Amino acid sequence: MDTAGPVAALPVGLADVRSARDLLQGVVSPTPVAGSRALSELCGGPVWLKCENLQRTGSFKIRGAYTRMARLDEEQRARGVVAASAGNHAQGVALAAQMLGIEATVFMPERAAIPKVGATRGYGAQVHLVGETIEGSIAAATEFAERTGAVLVHPFDHPDVIAGQGTVGLELLEQVPDVRTVLVCTGGGGLIGGIAAAVKGQRPDVAVVGVQAEGAAAWPASLAAGGPVALESMRTIADGIAVGRPGDVTFPQVAALVDEILTVDEDALSRALLHCLERAKLLVEPAGAAAVAALLQHPRRFATPAVAVLSGGNVDPLVLLHVIQHGMASAARYLSLRVRVGDRPGALAELLALVGSLGANVLDVEHSRIAGTLALGDVEVALALETRGPEHCAELVDALRVAGHAVSEVAGAR
């Protein structure tokens, strides 16, 4: 990736991140790194998970928000602060404001996750739901700041915010000193810009890789154009990194220090969230699982030891249910098929008994005698099954056919 000038001229350097760390002593907790045996085996070397989902407020955002707000003077504090966020930055600003005795107003998208809205209000902030995306909320927060004099605490595009987020990088270098690749979910660029400053300032040989959701990937086109380019639309389950335009401050930081920006699709994000739940026993939101999604999608691409930053764990339970189901489907853990059996007493029971003996769990059954292509004396049974994965799906279909059943419309056996 082409640099945007000498490192010394960048908005945030190693000294800035170290200064932010001093400021955050006693405010944030150093988060643990957890080794992942499953990912290590898949990637051919050690993989560690940096668990910012276990940070105060459930994400890394408190680091940047507190750093920015603690440096306001008394006159600025008296005017209050305003922020815009899909949820994690909102909570970080609200908690930091509570700790510093500052009045906070937060604008969130109309479809922001209910738990994130409730938590933000629980920390004492005034919350307004405005706009379909974070861009609409940012516009409303900017207008509020101009009208009232409140200080706008941007979610990513300020040197103090970038420096605060960069303290994650200082910690992970101390925890995994032999790291060779750091993978970071990427939205506006504050987290990866700060981590890159901390990591590259000490270990220029370490690769820093950004990961974006395919449906909200503003960085590839912006880097190709040499400046921030706005997306016309976005659609992704990873609301925490759904940012339609890189920041003016973060752009030169990322362009100079980050080695690569990758994109991952929705299936990969769903599988990553499910992987974190099942294998690492960690609750991670879709945006927070983006780095794991990159490892699952490109397991031999990165030099190990690798550290994947889990940026947050705040997720609406209903969204979590949907994403888990999607992740199981994309991992071929569900199998949908249609089977023809004879129209006689006990035929359906025999079919279900066979499926059960093969280790599948029946989720849904539909029995029909009126399909247009059915021969007289046959019925069609639509089955939705929970399986152990692609190989199990193939075994089920083969076993049903060996038993003499006509199987069609197989979905899920990848």
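**Salt bridges, sheet and side-chain pairs**

In the predicted model, arginine 333 has a relative accessible area of 18%, below the 20% cut-off, and is therefore counted as buried. Its partner in a salt bridge is glutamate 278, with 3.1 Å between the closest N and O atoms. Glutamate 278 belongs to helix H12 (residues 266-278), whereas arginine 333 sits in the loop between helix H14 (317-330) and strand S11 (334-342), so the salt bridge ties together parts of the chain that are 55 residues apart in sequence. Glutamate 278 is partly exposed, at 34% relative accessibility. A further set of residues, Lys50, Glu52, Arg63 and Glu171, is joined into one network by salt bridges that share partners.

The chain as a whole contains 16 helices and 14 strands. Along the principal axes, its C-alpha atoms fill a box of roughly 85 × 45 × 40 Å. Of the 414 residues in the chain, 53% are buried. Among contacts between residues at least 6 apart in sequence, 74% join residues at least 24 apart.

The salt bridges in the structure number 17. Side chains of opposite charge can pair when their charged atoms come close. One of the salt bridges joins glutamate 171 to lysine 50, and the closest N and O atoms of this pair are 2.7 Å apart. The two residues come from distant parts of the chain: glutamate 171 is in helix H8 (residues 159-175) and lysine 50 is in strand S2 (residues 47-51), a separation of 121 residues. Both ends of this salt bridge are buried, with a relative accessible area of 5% for glutamate 171 and 0% for lysine 50.

Helix H8 also carries aspartate 160, which is linked across 89 residues to arginine 71, in the loop between helix H3 (61-70) and helix H4 (74-79). The side chains of aspartate 160 and arginine 71 meet in a salt bridge, with a distance of 2.9 Å from N to O. Here the two ends fall into separate classes: aspartate 160 is buried, with a relative accessible area of 16%, while arginine 71 is partly exposed, with a value of 36%.

An open sheet is formed by six strands in the order S1-S2-S10-S7-S8-S9, with mixed pairing. Strand S1 (33-35) and strand S9 (260-264) stand at the edges; each has a single partner strand, so one side of each lacks a neighbour in the sheet. From one strand to the next, the twist averages 25°. Strands of a sheet pair through backbone hydrogen bonds, either parallel or antiparallel. The pairing of strand S8 (residues 207-213) with S9 is parallel and extends over five bridges. Within this part of the sheet, alanine 213 stands opposite valine 264 in S9. Helix H9 (residues 190-200) lies across strand S7 (181-185), S8, S9 and strand S10 (306-310), and runs at about 170° to S8.

Two aromatic pairs are found in the whole structure. One of them consists of tryptophan 219 and phenylalanine 251, which are stacked, with 5.8 Å from centre to centre and 0° between the planes. This pair links distant parts of the chain, since tryptophan 219 is in helix H10 (residues 219-225) and phenylalanine 251 is in helix H11 (residues 250-257), 32 residues apart. Tryptophan 219 and phenylalanine 251 are both buried.

A disulfide is a covalent bond between the sulfur atoms of two cysteines. The structure contains zero disulfides. For cysteine 51, the closest cysteine sulfur is that of cysteine 276, at 8.6 Å, which is too far for a bond. The cut-off for a disulfide is 2.5 Å between the sulfur atoms. Cysteine 276 is likewise in no disulfide, its nearest cysteine sulfur being that of cysteine 51. Both residues are buried, cysteine 51 with a relative accessible area of 2% and cysteine 276 with one of 1%.

Conventions
Residues numbered from 1 in each chain as written. Predicted model: local features only at pLDDT ≥ 70, side-chain atom pairs only at ≥ 80, totals over all residues. Heavy atoms only, no water. Buried < 20%, exposed > 50% of the residue type's maximum accessible area, 1.4 Å probe, protein only. Phe/Tyr/Trp six-rings, centres within 6.5 Å; stacked < 30°, edge-to-face > 60°. Helix = DSSP H or I, 4+ residues; strand = E, 2+ residues; numbered from the N terminus. Pairing = 2+ DSSP bridges. Axes fitted to C-alpha atoms, helices over the stretch in contact; angles between N-to-C directions. Contact = heavy atoms within 4.5 Å. Salt bridge = Lys/Arg side-chain N within 4 Å of Asp/Glu carboxyl O.
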